[in-house]
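Biologist: Could you walk me through the sheet in this model? I would love to hear how the strands fit together.

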Amino acid sequence: MRSKHLINIDDFVTDLCRFEKGLITRENVLDFCASVQITDSSLDPYVYFDEKFYTRNLIFRDDLFEVMTICWQPGQKTAVHTHNGQICWMIPQWGNLGVVDYKWLGCDHPENQNVVGLDCLAGSDHTQLEVVREIEACAGGPVLTADKLQTIHRLFNLSETRERAVSIHIYSRPIDSCVAFDMENNRCYRRQLGYFSKYGETVAQEEPVASASSFVQITR
Ligand SMILES: [Fe+2]
């Protein structure tokens with residue numbers, strides 16, 4: 001394995017933004033993310049844990065890129081969701097995450113995909129998804145992606161009882177909402193996405209699921 005270049009998060013963002021002058025592709029950003037190791041200390045302002053839900057913590061955002069940490073208590077997981085037709089790179093920073101990729105087989109409202117600026121209006125209650133693969137994403141291991149060909153997945157902290165995890169997510173373009181799947185009822189719906197903190201400061205919760213009162217900022 002080639003050695004990684006140690007970099008702080010500010011320099012990472014500066015280097016990432018150089019891609020904005022040319023084409024942003026899954027491959028060129030993946031190569032860059034795989035070539036660096038972001039320092040833990042530079043991420044301290046963006047690491048918050050909540051007892052009830054994983055937290056999304058914005059580090060940088062412009063028209064083309066959104067960069068955040070996601071911080072996971074043991075056992076926390078996302079809904080099965082899409083990426084609104086965008087590309088996502090995930091760097092596992094600490095701990096171990098699991099990823100389950102799904103394939104869309106069909107639904108009773110496929111015409112709802114005929115919308116500009118979103119992947120789908122959602123609103124079906126007969127969605128059919130199939131598990132494609134399950135992957136472990138360990139700190140220091142490969143950078144993972146979601147893209148236009150593989151856009152549906154669920155992420156979770158592999159440790160159910162002990163270890164916290166932190167991952168860094170890069171989206172191009174930024175994603176403000178996505179389709180989420182209620183797997184028990186084969187239903188899909190659009191879900192607004194919010195942040196637990198922005199630029200190092202906690203925010204009044206935009207996500208109804210998270211409560212600002214229960215956050216704990218990590219100290220090392
Ligand atoms: Fe995702």
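Here is a short conversation about the sheet and its strands.

Modeller: Happy to! This is a predicted model, where local features need pLDDT of at least 70, side-chain atom pairs count only at pLDDT 80 or more, and totals for chains, interfaces and linings use all residues. Residues are numbered from 1 along each chain as its sequence is written.

Biologist: Which strands stand at the edges of the open sheet of 7 strands?

Modeller: Strands here are DSSP runs (E, at least two residues), and helices are H or I runs of at least four, both numbered from the N terminus. Two strands pair if DSSP finds at least two bridges between them. The order is β10-β7-β12-β5-β4-β15-β16, with mixed pairing. Two strands have a single partner each, so one side of each lacks a neighbour in the sheet: β10 (144–146) and β16 (201–202).

Biologist: Which residue of β12 stands opposite W72?

Modeller: Strands β5 and β12 run antiparallel and are joined by 7 bridges. Opposite W72, β12 places A165.

Biologist: How many residues of β5 are buried?

Modeller: A residue is buried if 20 or more other C-beta atoms, placed from the backbone, lie within 10 Å of its own (exposed: 12 or fewer; partly exposed: in between). On one side of β5, E66, M68, I70 and W72 are buried, and on the other so are V67, T69 and C71. For β5 (residues 66–72), the count is 7 of 7.

Biologist: Through how many residues does the hairpin join β4 to β5?

Modeller: Strand β4 (residues 55–61) pairs with β5 in the antiparallel sense over 6 bridges, and N57 stands opposite T69. The hairpin between β4 and β5 runs through 4 residues.
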